[in-house]
Structures are given as C-alpha cells and as structure tokens.
Amino acid sequence: MIAFACALLFADPGNPSPVVAPTPVEYRVSGLNARAALAEINAFRRRHGLRPVVLDQRLSRAAAAQARTQARRGKIGHQGADGSKPWDRAKRAGYDAHLTAENVASGQKSFSEAMRGWERSAPHKRNLLLPDAQAAGVAVSYRNGRAYYTLVLGAE
C-alpha cells in the first residue's frame, strides 16, 4: 500500500513510468594546500611592496565555514548561512579582528586560478593588498566537483 502511494506521488499522469529523483548533491572539503596558497598571496603582496601575512588557523576556520555555506547553496556570497558577515565568522572562530576582509570565488580548477581572478578584480585586489593585514585563512569546499574558495584576511 505504501509503495503504491509513493508510486502515485512520483508518477506523471500522462506517463505511467515514475519520475526519477534528482542525483544527490555531493559536498566535500578538499585538502587545499594552505601553505602553497599563502605563498601565492604573499608573493603578490611582496610584488606590491607589502609585508607578508601569516597563516592563521582561526581565520582558516572562518574561511572553511563560508566555503561550506557557498557549496551548500551552490553560489558564492559573503553572507553566512545564519546571516553572519565575515567579521562575525572570524570572531566566532576566536579571532578578535579590527580588520577583516573576505574574497570568494567559484568554478576555478585551482587556488592559483582563483588568485589570478582576484588579482584582476579591483575590489578583490584591494583586499589582497590591505597594508594592515597581518594574517590569512583559506579554504575550499566542493559541490558536485565545483570548487568554492574563500580567503579571509585580518588583523588583531
């Protein structure tokens, strides 16, 4: 009886075969090489006469939270799943920031490709070149193979 009811629920009246459910969405957080990503960020900063930033695990946790949110939504953005902003997520991760900036990207095949895009985008480049930035966190999450990158820069 239950099987029959489910079949009716998913059946198209004009077509007696049941409708196939959509493919499940796969989410995962990858093994992004954060040290290599940091090296790219610092090389760009050095080319512009700025001091390097250090990798901060708290900012990396904030970046990971946003990367996961973007993957779940299937789109990029700066608002968290709970309505949070980048500075809220940094604080929640234990980073007492007086400066917080976030860059996000999606669809690139590597962090290097995302970085090149940020370098060519005025607002993202401005974040990368914040003279007072001291630390960075970086993360990537995937939805069905599509990458969602997040970089958080900060200063305490």
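A nonpolar core is a set of buried Ala, Val, Leu, Ile, Met, Phe, Trp, Tyr and Cys residues joined through side-chain atoms within 4.5 Å; buried means under 20% relative accessible area, exposed over 50% and partly exposed in between (1.4 Å probe, protein chains only). The model is predicted, so local features need pLDDT of at least 70 and side-chain atom pairs count only at pLDDT 80 or more, while totals for chains, interfaces and linings use all residues. Residues are numbered from 1 along each chain as its sequence is written, and side-chain values use heavy atoms, with hydrogens and water left out.

**Exercise 1.** Identify the residues that touch the most other members of the largest nonpolar core.

*Solution.*
Step 1. The core has 28 residues, and those with the most contacts to other members are I41, F111, M115, W118, L128, Y149 and L151.
Step 2. Two or more residues come from each of α2 (34-47), β5 (99-106), α5, β6 (135-143) and β7. Helices (H or I, at least four residues) and strands (E, at least two) are DSSP runs, numbered from the N terminus.
Step 3. Another core, of nine residues, lies apart from this one and includes L59, A63, A64 and A139.

**Exercise 2.** Determine the geometry of the aromatic pairs found in the whole structure.

*Solution.*
Step 1. Rings of Phe, Tyr and Trp (its six-membered ring) pair if their centres lie within 6.5 Å; planes under 30 degrees apart count as stacked, over 60 as edge-to-face and the rest as tilted.
Step 2. The search yields two pairs. In that of F111 and W118, the centres are 5.8 Å apart and the planes stand at 75 degrees, so the arrangement is edge-to-face.
Step 3. F111 also pairs edge-to-face with Y149, at 6.3 Å centre to centre and 70 degrees between the planes. Because F111 belongs to helix α5 (residues 111-120) and Y149 to strand β7 (residues 146-155), this pair ties together parts 38 residues apart in sequence.
Step 4. Ring pairs thus link F111, W118 and Y149 into a cluster. Relative accessible area is 6% for F111, 2% for W118 and 2% for Y149.

**Exercise 3.** Describe the surroundings of strand β5.

*Solution.*
Step 1. Eight of the eight residues of β5 are buried, so the strand is largely enclosed by the rest of the structure.
Step 2. L99, A101, N103 and A105 point one way, and T100, E102, V104 and S106 the other.
Step 3. β5 pairs with β7 in the antiparallel sense over eight bridges; strands pair if DSSP finds at least two bridges between them. The bridge partner of E102 in β7 is V152.
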